[in-house]
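Please take a moment with the sequence and the model shown here, and then follow the account below, which moves from the interior to the surface and on to the contact between the chains.

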Amino acid sequence: MKRGPGGLYATPAIVWLTVFFIAPLFIIVLYSFLRPGLRGGVEWSLTFDAYRAIANPTFAKVTLNTIVVALGATLVTLLIALPCGYYMARSKNQTLLLLLVIIPFWTNFLIRIYAWIAILGNEGFLNDMLQALGLTNDSIRFLYNRWAVALVLVYTYLPYAILPLFSTIDKFDFSLLEAARDLGASKFGAIRRVLMPNIKGGVLTAFLFTFIPIFGAYAVPLLVGGTESYMLGNLIADELTKSRNWPLASAISLVITLVTTIGVMLLVRANGANVLGGGKEASEAKAEQSAPLLNASLVALPHSGGGAS
Amino acid sequence: MIGSDVVIENVSKSFGDFAALNDVSIGIKKGEFFSLLGPSGCGKTTLLRIIAGFEQPESGTVLLDGKDVLPLPPDGRKANTVFQNYALFPHLTVFENVAFSLRLKKQPEAAVRERVNEYLRLVELQTHGSKKPAQLSGGQKQRVAIARALINEPSVLLLDEPLSALDAKLRQHMLIELDAIHDKIGITFIYVTHDQQEALSVSDRIAVMNAGKVLQVGTPQEIYEAPATDFVAKFIGETNLYEGSILSVNGELVTIESAEFGSVQVTDTDPPPSGTRVSWTVRPEKIRIGPDKPSTSRNALNLIQGRVDEPIYSGFQTKFYVKTAGGATLKVIKQHADWSDEGPEIAWKDEVWLSFSAEDAFLVEVKG
Ligand SMILES: Nc1ncnc2c1ncn2[C@@H]1O[C@H](COP(=O)(O)OP(=O)(O)O)[C@@H](O)[C@H]1O
Ligand SMILES: [Mg+2]
């Protein structure tokens, strides 16, 4: 990286990061070592109570559930997003398809969740349909379980996976697939041996863009989940608003942040690939390419800790 | 390795309304260095992709050693391709690129190592095995592409303008290397190019194509000296091309009446009857230019008087544009004189005599 006047241009970014990322993180770290106030807030005396409280079975159970749901939903999202991104990259109507992917963003996130409730609910569209067709007599309970949470999460984060995959696959030179076929690879073999290694960076980006927010999901499990689909985001929110134990909420957030950060770093190291760029760069570019990824994931992380979604 | 013969029969291919190949038939012999030559967009790549299996024609057949290969996928054909942009796998090293097809076949690692090194030696890249394609020069990339295709032991190697991305000097060098590799391994090469010089210098035979059709198939000599159509005559090298009508036919000797030259004698193996409108050609270097009327008793020599319009000096030769009495302009190329060449220099505005043998002038095409 260059030194010199570049530092000056970085000022807005540094200010932004300081105010909206480093300072809040500092406050969270600080709060996690304090005593809870009676009606929320903190009392200014040092303690490790919050961290002691984490070491209990409920926390472990919720964490496990969160990991299972997040990994499952992310995997399904990627499995759907890959063929979508591939098809879009090969299509002649790229602009139209891109628009279709982006259109859901025009509607508020919460309204889209309520739309799912309207579809899947006991008196919902799907049940009405099934009964009208005479397939069932009683309404089926689609909502308020882990599957409903996973379904709505996949729906919500699909565009976040499709977009980076599309942009990477779009840069992929498809004559490489023909070369692989020419050299004796089957259709599937060519995709596995040539396409996948060259779009590794895009897959990793798509994984992070879905996994990190899903790991911190809050609204979706709250609205369409049941007690068994309680996730870490809900736990944090409840500690904040119901139990009014801000230090505990802070401690949980920090643990999530730490775990995801370490996970992301291990993943990036293992892949050694550039993540936000395309797949065609020479190997020398690797070292520099991991920097933007790290920034992106760090910016994304408070999101997971804070349980905003 | 042993080459295959490739027979292309009545192949047609359209993209939408556009006919990229129109009833193409070519027979290619075992071990031949065969070129598909034609201007950009004439359908060369399309034909190559049909042979490789990346495109299906609407009609026609492609036979490798007598066997119809059209139902086979690309990985089921004993043909390998050197792509126009090389299509090296960027995530693999040179070694891994070349080893790709062997590893697909799950060959033991020791055997893979030995064979890859053998082919890297063939293309003189044995010390570059651990580099990534991005670290190679254009010429080196091209050699990796060749080694990667050859290691699969194809019986036909398809090369799509493999030299077009290289600079002129390297192109010459690689062309000679390619020819040497062909001689060494002896499989059939089908070589696509739009560069007539390339095609003429290495091919055993050439198919000249234009607008989705094959216009002529022949050896470089046949194509150059006896072009089958106006297009071929103009596309290959420089030439003089004129029209006229046949005055008389005497065996293979044809006398043509033309407005610009009076009567001209040319040859044709199967001439049409008198009165037919035709075009005829003579190459510039086949015309002799001199200040005096040549005194010779030779038969079937065409003698034409003219005046030098413009001499163009280009080092080893000079090209003259000579205006004849009839108003035509003939191109004449004269190699530069050595000590045995006597007589004055020919300069601008000189009156000159042109002469060429009927054996060097050909009927090209019958006009409707
Ligand atoms: N996939 C395709 N879709 C539409 N037109 C094509 C396609 N491939 C080739 N063509 C057209 O077919 C013609 C022949 O192409 P090509 O075989 O690549 O020519 P060449 O290799 O001789 O330059 C060109 O006019 C080209 O635009
Ligand atoms: Mg081409």
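**From the core to the interface**

In this predicted model, the largest nonpolar core comprises 100 residues, and the residues with the most contacts inside it are A:Val224 and B:Leu36. The element that gives the most to this core is helix H8 of chain A, residues 146-171, with 12 residues. Apart from it lies another core, of 37 residues, which includes B:Leu88, B:Leu102, B:Tyr191 and B:Val202. In general terms, nonpolar side chains tend to be buried together in soluble globular proteins.

The surroundings of B:Leu36 can be followed residue by residue. Once its neighbours within four places in sequence are left aside, B:Leu36 is in contact with B:Ile26, B:Lys44, B:Leu47 and B:Leu48, among others, and its contacts also include B:Ile190, B:Tyr191, B:Val192, B:Thr193, B:Ala207 and B:Met209.

A buried position may also hold a polar residue, and B:Gln142, found in helix H4 of chain B (residues 138-150), is one to look at. B:Gln142 counts as buried because its relative accessibility is 0%, which falls under the 20% cut-off. Not counting residues up to four places away in sequence, B:Gln142 touches B:Tyr86, B:Pro162, B:Leu163, B:Leu166 and B:Met174.

On the surface, a nonpolar patch of about 840 Å² is made by A:Leu96, A:Leu99, A:Leu100, A:Ile102, A:Ile103, A:Phe105, A:Trp106, A:Tyr160 and A:Phe209. Helix H5 of chain A, which spans residues 94-102, gives the most to this patch, with 4 residues. A:Leu100 is found in that helix, and A:Leu100 is classed as partly exposed because its relative accessible area is 49%, a value between the 20% and 50% cut-offs.

Where the two chains come together, 19 residues of chain A are in contact with 27 residues of chain B. The area buried between chain A and chain B is about 1900 Å², and carbon and sulfur atoms give 58% of it. Of the area that chain A buries against chain B, 37% is supplied by A:Asp182, A:Leu183 and A:Arg193, more than by any other three residues. Charged side chains take part as well, with 2 salt bridges counted between chain A and chain B; in one salt bridge, the side chains of B:Asp75 and A:Arg181 meet at 2.9 Å, N to O.

Terms used: Residues are numbered from 1 along each chain as its sequence is written. Chains are lettered from A and ligands numbered from 1 in the order in which they are written. This is a predicted model: local features need pLDDT of at least 70, side-chain atom pairs count only at pLDDT 80 or more; totals for chains, interfaces and linings use all residues. Side-chain values use heavy atoms; hydrogens and water are left out. A nonpolar core is a set of buried Ala, Val, Leu, Ile, Met, Phe, Trp, Tyr and Cys residues joined through side-chain atoms within 4.5 Å. Buried means under 20% relative accessible area, exposed over 50%, partly exposed in between (1.4 Å probe, protein chains only). Helices (H or I, at least four residues) and strands (E, at least two) are DSSP runs, numbered from the N terminus. Contact means heavy atoms within 4.5 Å. Patches are made of residues with over 30% relative accessible area and no salt bridge: like charges are joined within 9 Å, nonpolar side chains (Val, Leu, Ile, Met, Phe, Trp, Tyr) within 5 Å. Accessible areas come from the Shrake-Rupley method with a 1.4 Å probe; for residues, only the protein chains shown count as cover. A salt bridge is a side-chain nitrogen of Lys or Arg within 4 Å of a carboxyl oxygen of Asp or Glu. Buried area is the accessible area (1.4 Å probe) that two parts lose on being put together, summed over both.
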